[in-house]
Amino acid sequence: MLTLTAALTASACSGGGDAPQTDPNTITVMAKLFGTAPDPNGEMQQAVEKFLGKKLKMNWVPNAEYTDKLNVTFASGNLPQVMVVDPHLPGFVKAAEAGAFWDLTSKLDKYPNLKPADQRTALNSSINGKIYGLYRMRPSLRSAMIIRKDWLDKLGLKLPETVDDLYTIAKAFAEKDPDGNGKKDTYGLIIPKWPGNYASASPYDVLETWFGAPNGWGERNGKLVPGFDTPEFLEANKFLKKMVSEGLVNPDFATLDSAKWNEPFHQGKGGMIIDVNIRSRQVLDLFREDDPKNYGDKVAMVGNLKRSDGQKFSYPFTGYADVLAISRQSVPTEQDLDNVLKTLDKLATKEGQVLLQNGIEGRNFKVEGDTASLINETDPKVEIVQKDVDNAFIQLSTKGTNDFGGLAYVRTPSGEPYKEMLKLQKQLMDEDLKTAVFNPALPVVSPTAVSRGAQIDTIIPDARIKFLSGELTEEQLKGEIKRWYDSGGTQVATEVNDLVSKLGKTN
Amino acid sequence: MATDLAPPPTKAASKSGHRRPGVGLRAVFGRYRWLYLMLLPGIVYFALFKYLPMYGVTIAFQDFLPFLGYSGSPWVGFKHFEELFAGPDFGRLMFNTLFLALLHMLIVFPAPIVVALLLNELRINILKRSVQSLVYIPHFLSWTIVAALTYVLFAADFGVLSGWIRDFLGDTSKIDYMAQEDWFRPLIILQQLWKLTGWGTIIYLAALAGVDPQLYEAARMDGAGRFKQLWHVTLPAIRPTIVVMAILASGNLLDSGFEQIWLMTTSLNRSVADVFDTYVYYSGITQGAISYSTAVGLFKGVAGVILIFGSNWLAKRLGQRGLF
C-alpha cells in the first residue's frame, strides 16, 4: 500500500505545479501495445511523423496491464496529450468528470473527419451524453460461434441453428468420439476464465442474450432492469449448467487462461467456441501451420443462434473499442486543443487511416482494386513495418478496421479458406444485425456503480460461475442477485433509470 | 547505536587527554560529528522514501481526484472508513485475512523450527548439508512459478497429482482443486510450506550452532536421552530467536502475501480468497477507487502496528526479551 501512496505522492508533488510546456510540433500519446514496441526511429513511426509534420512521442503499454497503467497514470498527474482509454472505466469517469479531460461534445463538428460517423455509437461511448473522446469504430455485430468442421462431418451433423442444436452437437462431441481415438476424452463447448465482469461480451453474456435476456440492461415493465434479474437469464444458465454437469463443457472453465482459449480447440479437446468472429481466422492460422493444404476443412462458423421457440436475439458489441481522450493538463488552452484535434483530424483522413492500418504503400502492401494485399513478406525489414502496424499503430485508428474496411483498405488474406471466412463474417454480421439486442444503458454511468464498483462488480459473475459449477443452487443464485441489490445495486438501478430518461429528453 | 561506539579520537580530545564529554547538544554533535555525518544518508533515505510518502495517506480522508491534487480534492473525514467497516466486504476480508494468518502461525511458522531441530539431530554432515540446500531452493522461485506448478499438479483436466489421487481413490469424478473454495486454504498453506520452510530453517540452524556443546555433555552426564536433551537444552537455547521471529511475524500478520493470493484467486474461490492486500489492489489499481483503497491500506497498517506492539508486550510479560 505504501508503494501506491508513494507513487501518488511523488507524482502529485510534480503534478500540482506547472503543467508541462506544450510544444505545438510534438504530440504525446499513450496507447495499447500487442507484442513488442515499435522503434521510435523505425520506418513506421518516421512515416507517421512525416505524414503529420510533427514529432510523435509514443508511450506504448502492453495490453495485459493497460487498465492498471491507466489508473496509475490518472493518479500521476502527468498525462500524455492523447490517451487510448475505455470511456466507462471508473477511474476515467472520475477524472473526466473532475475536468481532467476535454469535453468534446460541441467541438467535433468543426473538424471534417472527426464528426462522429454514427450518432448512436458516439452516444454509447459518451459519459451520460458528454463525449470525452473520439471513439474507435468497430463493427457492432461480431459475436459468432466457431465449430470444428471436421468433427461435424465425421459425426454427420449439420451446422447449429438453435440453442437445442448447440446442446445436441455438444453432446455428440462429448460422447460419440469425434476425434476417433476410441477414448471419451472430448467435450463440446470451450469456455475460459473470463477476465471481465457481467455484460462484458463473455460467452455467458452471449448465450443469455440468445435466450432473450437483456444485453446488460433491458426494459421490463417500463423500467430498465439489469439483465441478470430476468427469467431468461436464469433459463440460459440452467441450460448451460446442464451442459456443465453432463461434461459437455471443459471442466476447467473457471480457471482456463483466456489467452489459451484456442489451444483445446486446436488440440482436439473441445469443438465449439462462442466469441468474436475474427477468432475463426486465428484458429485457421493454427491449423494452417499443421497442414497448409486442408486447414480449411477444420473450421466452420455460424452466427447467433435462435431460441428453442425460433425467436432470434443477437448479441451486439458496443460498436466502438475505446476512445481517444485529450488531457486538459497537457493540452491547457483552446488553441492547444485545436492543434491536437487538427492532428487527429489528419490521422482520420483516408490517407492517415491507410497509413495506420495498412502501413506504407509499396513497402509492405499494394492496393488491388479496393483491397490491400501484403508484399515483400519475407523481407525482415518489411516484416517489422507490418508488425509495427498490426501490434501498435493500428490502435490509433478511429475509422474502422482493416478486417471490414472503414476508410482503410480491407486486407485480403492469402488462401481461399481465409477469403471464404471473411465473406461469411460479413454475411453473418449483416444478417445478425437485424435481430441485435442493444443495451440502452450503454451511454450512462451511474455514480454509485463507479464508487462501489470494488464491492459489487464481482458478485454476479462469481455467482454465475458458482451456479454453473453446481456450488450454488437456484435459490442461492437468487440470493446473490438480492445481495447485489442490497450492496448498492438498488441505487445503481435507480440512477441508471434516471440517467437514461434524462438522456432521452435531451435527444 | 552511535553511542555504543567509542568516540573517535579527535585532535582536541587527544591533545588535552582528559577533557570531560561535552554537556550541551552542540558539544555532543561536535564530538561525534563524523558518526552523525555517517548517519545522515540513512536519515535522508528514510525521510524521503519512507516518511514523506506517508503524507499520501491523507487521501484516505479525501475524495481524492488526481486532477485536483491534495489541495483541491474535497475532504470527507472518515467516510471511506465508514464505508469499509459498514460495507459487506469487511467481515469477509477480516475473517479471510485473520484465518490465513492463524493457519500461517500454526502451521507455516513452526515448520522451520521442526525442520531445524530434525536436521540438528542428523549426525552425518554431508546429508545434513545437502538436505538443507535442497529445502531452501524453493525460496528462489517466484510465486508466479509456484502458482504455475500448482496448476500443473492440481488442474482438474491434466493435473499430475490430481490424476494420482483419482487413481488412488478409484474416483472418476474430476475435482478441480484450483477452483474450489474448500481447497483454497490448504493449497495456499502447502505452497507456503514448500516455499518458505527451508529458508526459515537457516536462522534456527544458526542459533543452534551457537549452543554450547558442554551443555549437552553435562546433560548426558546427568542421564538425559536424546529427547530430554532436545527439550531441556536445545529448545531453551533457541527460545529467544523463536520469540523475536514470532514478534516480527506478527507485524506481517495481515500481510497475506499479495502475489501468491492474487495468482490463486478465481471466480469460484474469491469469497475465501479476498484479503486486504488483494482488495487494496483490486479497488485501487483496477477499479481506480484511490481514496477508498488507501483507507483500507491505512487500516491494515494501523492494525499491523497494534499487533506488533501487542505481541512485544506479551513477550515481555511472559518473561522473554522483547524486540524493543
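Which residues of the largest nonpolar core touch the most other members? Let's start there, and keep in mind that we're looking at a predicted model.

So, this core has 65 residues, and the ones that touch the most other members are A:Met145, A:Trp210, A:Leu240, A:Met243, A:Met272 and A:Trp484. If you want to find your way around by secondary structure, quite a few elements of chain A each put in at least two residues: the strands are β5 (143-148) and β9 (270-276), and the helices include α6 (149-155), α7 (163-175), α8 (203-210) and α9 (231-245). Further along the chain, α18 (459-468) and α19 (474-506) are on that list too. The largest share is from α19(A), with 10 residues.

Let's zoom in on one of those residues, A:Met243. Setting aside neighbours within four places in sequence, A:Met243 is in contact with A:Tyr167, A:Ala170, A:Leu189, A:Leu248 and A:Val249. Apart from the core we've been discussing there's another one, with 61 residues, and A:Leu56, A:Phe74, A:Ala100 and A:Val385 are among them.

Now a residue of another kind, A:Asn277. You'll find A:Asn277 in the loop of chain A that runs between β9 and α11 (279-290). Is A:Asn277 buried or exposed? It counts as buried, because its relative accessibility is 3%, and the cut-off for buried is under 20%. And what does A:Asn277 touch, if we don't count residues up to four places away in sequence? There we get A:Leu141, A:Arg142, A:Ala144, A:Met301, A:Phe404, A:Gln425 and A:Met429.

OK, on to where the two chains meet. Chain B brings 43 residues to the contact and chain A brings 41. Together they bury about 3700 Å², and carbon and sulfur atoms account for 61% of that area.

What about charges? Three salt bridges turn up across the interface of chain B and chain A. A:Arg452 makes a salt bridge with B:Glu83, where the closest N and O atoms are 3.8 Å apart. There are also 11 residue pairs in polar contact across this interface, both partners being at pLDDT 80 or more.

Staying with the side of chain B that touches chain A, three helices of chain B supply at least two residues each: α15 (270-273), α16 (276-286) and α17 (290-317). Of that side, α16(B) gives the largest share, seven residues. By residue type, the same side of chain B splits into 23 nonpolar, 13 polar and seven charged.

That's my tour, happy to go back to any of these spots.

Terms used
Residues are numbered from 1 along each chain as its sequence is written. Chains are lettered from A and ligands numbered from 1 in the order in which they are written. This is a predicted model: local features need pLDDT of at least 70, side-chain atom pairs count only at pLDDT 80 or more; totals for chains, interfaces and linings use all residues. Side-chain values use heavy atoms; hydrogens and water are left out. Contact means heavy atoms within 4.5 Å. Buried area is the accessible area (1.4 Å probe) that two parts lose on being put together, summed over both. A salt bridge is a side-chain nitrogen of Lys or Arg within 4 Å of a carboxyl oxygen of Asp or Glu. A polar contact is a pair of N or O atoms within 3.5 Å; within protein, one must be able to donate a hydrogen and the other to accept it, and residues adjacent in sequence count only if both atoms are side-chain atoms. Helices (H or I, at least four residues) and strands (E, at least two) are DSSP runs, numbered from the N terminus. Ala, Val, Leu, Ile, Met, Phe, Trp, Tyr, Cys and Pro count as nonpolar, Asp, Glu, Lys and Arg as charged, and the others, Gly among them, as polar. A nonpolar core is a set of buried Ala, Val, Leu, Ile, Met, Phe, Trp, Tyr and Cys residues joined through side-chain atoms within 4.5 Å. Buried means under 20% relative accessible area, exposed over 50%, partly exposed in between (1.4 Å probe, protein chains only).
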